[in-house]
Amino acid sequence: MTRPRPFTVLLAGCSLTLGALLLLPILALLLSCRPSELLGQLNDPGVLKALWITLLSSLLALPPILLLGLPAAYGLSRCRGRLRQGLEILLELPMVLPPVVTGLALLLAFGRRGLLGGLLADLGLRIPFNLAAVVIAILFVVTPYFVRRSAILFDGVDKKLEEAALLLGASPWQSFRRVALPVVKRGLFAEVIMALAQGFGLFGAIILFAGNLPGRTQTLSLALYSAFQSDPKQAFALGTLLLLISLLLLSAARLLRPWEVRS
Amino acid sequence: MVLIRALLVPLLLLTLLRPAGATELSIFAASSLTEALRDLAHNYEASHAGTRVLLNFAGSQTLATQIEQGAPADLFISANPSVMERLQRRDLVDAPRPLLSNQLVLAVRSELAQEITTYQDIARPGLLLVLGNPEVPVGSYTRQLLSGLAADADCGAALVKQIEENVVSEENQVKAILTKLLLGEADAGIVYRSDLTTDASRDLLIIPLPPQHLPQISYPMARIRGGNLKTEAFVSYLYTEQARLVFASYGLQQEGGR
């Protein structure tokens, strides 16, 4: 019998501590409410409304995320060196901004008194306090993640395949559509689900930019925060609901992801 | 062993951050008291060397939940008596006493001075009105006010319904209502009188609300069970004439009862 080496012990110790740190709060949340309370939430018209707004806004955000994000990701994966680094920093910016700053920045851009405020008012559009604001907030926060992660998928496509397609007379569009896209298809589906899951959990940017009105801009995470103001128990139940939805989506994303990327 | 030592160093540094021998009072207070209590804490620290007043501001419900979950508080000042009662039932606080009273006001962007001259004008179609969430004190007081107005011949249920249709957001904190007004995203909002004393809010107009419908708004204060006993001196300070003047300058009225 060989004694485990100190380094192995260190690795195991650190991993276990980290595991406990991550799992304990999640476990506490799951234990905070009974399954019957959880099901009871699904009969609450207010919760159903919030669930609907959450689903609707995330689904409405998907087409623009794909339409803008997919070409951007493909383009990014062809960039090299300084240019790519610069573009990646730009994409990382929305990821590290505190949600409150994101919300304020969106107001300063699209609000009534924002940079585009006059232009939008001339068109008769009012973005804040509308579902459009929820969708834009999701777009702003989620698209950069989507582009970063999809670009990595495109990086994995064998360049020789695309070169061969071009040599055989395919146009760049055809080589993208017929060669690169099919290779990354499964990974992209996984990223789409990740984007959905991220949109579901958004809070700070939405409450600032879109406001909090049940049935119009109140998503599940906003409803959770409002419920917490009077009834912490209901907030725990809603938190568990959100956790279970995220867990489901993340597992789906994992299952779809191709093996090479999954490991 | 090296690892344990490495972990001990930051822990040691953390404890060093606390000045030795200093008394720390941890005050949890409703966010509508932010400016007034900051001033008072500053004055108190200046006259009581070795005492640090740590202030934690949030919605009263948030603070109550934090206290229930064992957050280290010595004193709790709530914008809402029912939240205080909740803590009292759980035996987490000593007997509360009234500290302050406040009032609801209708605040309007100053560029609407021509259009909005009475509170009834906020029923105008298309106006962007931001209120408190009914679950938080400012929102529940606002709902009391609105139901009073609905029964009033000067206003009426139909007008109140139109006012409610103008609501574009229900905020969980009174400061969030103010933010939306100051950013110019909302036209009008119902907040506390004490919220309109900062420099930033100078360009908001205050429209009078009928006094007979204004709900009683009182701020109870209570010591947390097991909290620092030196809190009592700070509590006494909050009832002094000096404190009364500071509170008054922020639109808050000190209550007499000790």
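## Reading chain B from a buried helix outward

Helix α7 (residues 174-182) of chain B has 7 of its 9 residues buried, so the rest of the structure largely encloses it. This is a predicted model.

User: Let's start with that helix. Which residues of α7(B) are buried?

Analyst: The buried ones in α7(B) are Val174(B), Ala176(B), Ile177(B), Leu178(B), Thr179(B), Lys180(B) and Leu181(B). Notice that Lys180(B) and Thr179(B) are on that list along with the leucines.

User: And what covers the buried residues of α7(B)?

Analyst: The cover includes strands β5, β6, β7, β8 and β9 of chain B, plus helix α5 of chain B. Just past the end of α7(B), look at Gly184(B), which has a positive phi of about 80°.

User: Several of those are strands. How do I read a sheet, and what is the strand order here?

Analyst: The general idea is that strands of a sheet pair through backbone hydrogen bonds, either parallel or antiparallel. In chain B, 5 strands make an open sheet with mixed pairing, in the order β7-β6-β8-β5-β9. The edge positions go to β7 and β9 (204-207) of chain B; each has a single partner strand, so one side of each has no neighbour in the sheet. From one strand to the next, the twist averages 35°.

User: Which strands does β6(B) pair with, and in what sense?

Analyst: Take the β7(B) side to begin with. Strand β6 (residues 129-132) of chain B runs parallel to β7(B), and 4 bridges join them. If you want a spot to click on, Gly132(B) sits opposite Glu171(B) in β7(B). Then there is β8(B), which also pairs with β6(B) in the parallel sense, over 2 bridges. There, Val130(B) has Gly189(B) of β8(B) as its bridge partner.

User: Which way do the residues of β6(B) point, and are they buried or exposed?

Analyst: Leu129(B) and Leu131(B) point one way, Val130(B) and Gly132(B) point the other way, and all are buried.

User: Where does helix α5 of chain B come in?

Analyst: Helix α5 (residues 137-150) of chain B packs on the sheet. The strands α5(B) touches are β5 (104-109), β6, β7 and β8 (188-192) of chain B, and the direction of α5(B) makes about 110° with that of β6(B).

User: Can we zoom in on one residue of that helix? How exposed is Leu146(B)?

Analyst: Leu146(B) is in helix α5 of chain B. It has 18 C-beta neighbours inside 10 Å and therefore counts as partly exposed; 20 or more would be needed to call a residue buried. Setting aside residues up to four places away in sequence, Leu146(B) touches Val160(B) and Ile163(B). As for Leu159(B), 13 residues along the chain from Leu146(B), the two C-alpha atoms are 10.0 Å apart.

User: Now zoom out. What are the overall numbers for chain B?

Analyst: Chain B has 9 helices and 11 strands. Its C-alpha trace spans about 70 × 45 × 35 Å along the principal axes. Of its 258 residues, 40% count as buried. Looking at contacts between residues at least 6 apart in sequence, 77% join residues at least 24 apart.

User: How many residues bring the two chains into contact?

Analyst: In general, the size of an interface is often given as the accessible area lost when the parts come together. Here we have residue counts instead: 16 residues of chain B are in contact with 14 residues of chain A. On the chain B side, α3 (60-68) and β7 (167-171) each supply at least two residues, with β7(B) giving the largest share, 5 residues. By class, that side has 5 nonpolar, 7 polar and 4 charged residues.

User: Last one, over in chain A. How do α4(A) and α7(A) pack?

Analyst: Two packed helices are described by the angle between their axes and the distance between the axes. Helix α4 (residues 81-96) and helix α7 (residues 131-155) of chain A pack at about 140°, with axes 8 Å apart. That angle is why α4(A) counts as oblique to α7(A). Their crossing is left-handed. Contact residues include Leu91(A) and Met95(A) from α4(A), and Phe140(A) and Tyr145(A) from α7(A). The full set divides into 8 nonpolar, no polar and 2 charged.

How values were computed: Residues numbered from 1 in each chain as written. Chains lettered and ligands numbered in written order. Predicted model: local features only at pLDDT ≥ 70, side-chain atom pairs only at ≥ 80, totals over all residues. Contact = placed C-beta atoms within 7 Å. Nonpolar A, V, L, I, M, F, W, Y, C, P; charged D, E, K, R; others polar. Pairing = 2+ DSSP bridges. Axes fitted to C-alpha atoms, helices over the stretch in contact; angles between N-to-C directions. Buried ≥ 20, exposed ≤ 12 C-beta atoms within 10 Å, placed from the backbone. Parallel < 35°, antiparallel > 145°, perpendicular 65-115°, else oblique. Left-handed = near helix turned anticlockwise from the far one by under 90°.
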